[in-house]
Amino acid sequence: MAQASRPIKEAADFLEKIVSRKDRTLVLCHHNSDLDAVASATVLSETLKGMGVDCRAAAAESVSTLGKTILHFFGKEIEVDPPLDFDLVILVDTSGYGHLGDFGAQVREFPGKLAVIDHHRPVEEMQKAAEFYFVKEDYSSESELIFKIISEMGGTLSPEQASLLLSGIISDTAHFRLARPETFGILASLIEAGADYRKMIEILKTPEDPSRRIAMLKAASRSETTRLEDQIIVFSELGSFEGDAASMLVRIGADAAFVGCEDKGDLRLSGRARSEFVEKTGLHMGKFMEELSKTFNGSGGGHPSAASMNGKGKFKDMKKHLFKQLQQKIKPKT
Ligand SMILES: [Mn+2]
C-alpha cells in the first residue's frame with residue numbers, strides 16, 4: 001500500500017507490539033535536532049515508558065539551540081549519541097542514516113531491529129532496513145503524526161507533552177504558514193490537553209540583537225518624510241544596518257526609503273522601495289544607485305527595489321543630489 005494511505009492504526013499496532021514484546025527501545029531523532037525532532041522523540045519515548053517499555057529518547061550528534069531551550073524550559077533532557085545497547089531503534093523525524101550525521105554510521109551497524117516513523121520523503125534504503133517503515137509525507141510536522149498515533153493508542157498527554165508537540169508544530173509549519181487544514185484540529189486537541197500556546201510562541205521568538213533594535217529606532221526617529229507626487233519618500237541617517245533600516249521604513253509606510261551615512265568623507269547609502277513604486281515611477285533602484293554613485297566617485301547597483309552605493313563626498317551634498325534626481329525621475333503625470 002502507498003505510504004500516504006496507510007491508516008494510523010498500523011503505527012499504533014506496531015507500538016503496541018513493542019509494548020508486549022518488551023523491547024528495550026531507543027527513540028532517536030536527527031542531528032542538530034529542531035523542536036519537531038526533540039518534541040517527537042521525547043513525547044513518544046515518555047508514552048512508551050508509561051506503557052511499561054524500557055525506553056529512552058536521544059538525538060544524533062547534537063541538539064539545536066532552540067531544542068535545548070525548550071527541553072530546559074520543561075526540565076527535560078535528551079541523550080546524545082548513546083551506546084546502542086537496545087533491541088529496537090525507532091527513528092522519528094529522520095528519513096535516513098544521512099540525517100543522523102556521524103552517528104549514522106553506528107546506527108547502520110546496529111544489529112538490532114529498526115523502525116522508521118517519519119514525515120519526510122521516503123528513502124528506499126531505510127524501507128529495506130526497517131522492520132517497520134511508516135512515512136506520512138503529507139504531514140506538515142512529525143509532532144502531528146506522533147499526536148495522532150498516541151491518540152490512536154488511547155494515550156493521553158500531560159500539559160507539558162502537549163506544549164512540546166505544539167512547539168514542534170509551530171516550528172515545522174513556520175508558524176502555521178505551511179499547516180494543513182488537519183493541523184488546526186490537532187492544535188485544538190493539544191490546547192485542550194493543556195498546551196500553553198502563548199508560552200510556546202514566546203519561547204520560539206528568536207532573540208533580536210539589541211544593537212540592531214536600537215539602530216532601527218534611531219533610523220525611525222531621524223527619518224524625514226517627503227511627498228513626491230503621490231509617493232512617500234523617506235530619508236534617514238544611520239551608520240549601521242542601513243539596508244535593514246530602509247526595509248523597515250518601507251514596511252512601516254514609505255514607498256521608497258533611503259538610509260545612509262558619511263564616515264570622514266566616505267559615503268554609504270542603501271535604498272529600498274515597494275514594488276508598486278518601481279512599477280508606477282519606472283525608477284529602478286539598482287540603476288538609480290549606480291548613476292548616483294558615479295557623481296560621488298563610487299560604485300553602486302542592485303535590484304529594482306533594493307540597492308546600495310558608496311562614494312566620496314559630503315553627506316549633505318549626497319542628500320541634496322539624491323532629492324534633485326528623485327524630483328527629476330518622479331515627474332507629474334501629463
Ligand atoms: Mn519535522
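Start with strand S11, residues 299–302, where the side chains take turns: Gly300 and Gly302 face one way and are buried, while Ser299 and Gly301 face the other way and are not. That fits a general habit, since in a regular strand the side chains alternate between the two faces of the sheet. Keep in mind as you look around that this is a predicted model.

S11 has a partner in strand S12, residues 306–312; the two run antiparallel and are joined by four bridges. If you want one pair to find on screen, Ser299 sits opposite Asn310 in S12. Just three residues lie between S11 and S12, and the two strands form a hairpin.

Now zoom out for a moment. The protein is split into domain 1, covering 3–204, and domain 2, covering 211–329. Taken over C-alpha atoms, the centres of domain 1 and domain 2 are 48 Å apart.

Next comes the parallel sheet. Six strands make up an open sheet in the order S3-S2-S1-S4-S5-S6, and their pairing is parallel. Which strands stand at the edges? They are S3 (79–80) and S6 (132–135); each has a single partner strand, so one side of each has no neighbour in the sheet. Helix H1, residues 8–21, packs on this sheet and touches S1, S4 (88–92), S5 (113–118) and S6. The direction of H1 makes about 145° with that of S6.

Let's walk across the sheet strand by strand. S1 (residues 25–29) and S2 (residues 55–59) run parallel and are held together by five bridges, with Leu28 standing opposite Ala58 in S2. S1 also pairs with S4, again in the parallel sense and over five bridges. Here Leu26 of the pairing has Val89 in S4 as its bridge partner.

S4 deserves a longer look. Is it enclosed or open, and why? Five of its five residues are buried, so S4 is largely enclosed by the rest of the structure. Leu88, Ile90 and Val92 point one way from the strand, Val89 and Leu91 point the other way, and all of them are buried. Compare that with S11, where Ser299 and Gly301 are not buried.

Moving on from S4, we reach S5: these two strands pair in the parallel sense over five bridges, and Leu88 stands opposite Lys113 in S5. To get from S4 to S5 the chain passes through helix H4 (residues 104–109), making a right-handed β-α-β crossover.

The step from S5 to S6 can be followed in a similar way. Four bridges join these parallel strands, and Ala115 stands opposite Phe132 in S6. This time the chain goes through H5, and the β-α-β crossover is right-handed. H5 spans residues 124–129 and includes Glu125. Glu125 counts as partly exposed because it has 13 C-beta neighbours inside 10 Å. From Glu125 to Ser158 it is 33 residues in sequence and 36 Å in space, C-alpha to C-alpha.

Last stop: a pair of helices. H6 (residues 142–152) and H7 (residues 159–172) pack at an angle of about 145°, and their axes are 7 Å apart. On the H6 side, the contact is made by Glu142, Ser143, Glu144, Ile146 and Phe147; on the H7 side, by Leu165, Gly168, Ile169 and Asp172. By type, the residues of this contact between H6 and H7 come out as four nonpolar, two polar and three charged.

Notes:
Residues numbered from 1 in each chain as written. Predicted model: local features only at pLDDT ≥ 70, side-chain atom pairs only at ≥ 80, totals over all residues. Buried ≥ 20, exposed ≤ 12 C-beta atoms within 10 Å, placed from the backbone. Axes fitted to C-alpha atoms, helices over the stretch in contact; angles between N-to-C directions. Contact = placed C-beta atoms within 7 Å. Nonpolar A, V, L, I, M, F, W, Y, C, P; charged D, E, K, R; others polar. Pairing = 2+ DSSP bridges. Right-handed = clockwise from strand over helix to strand, strands pointing away. Domains from an automatic or database assignment.
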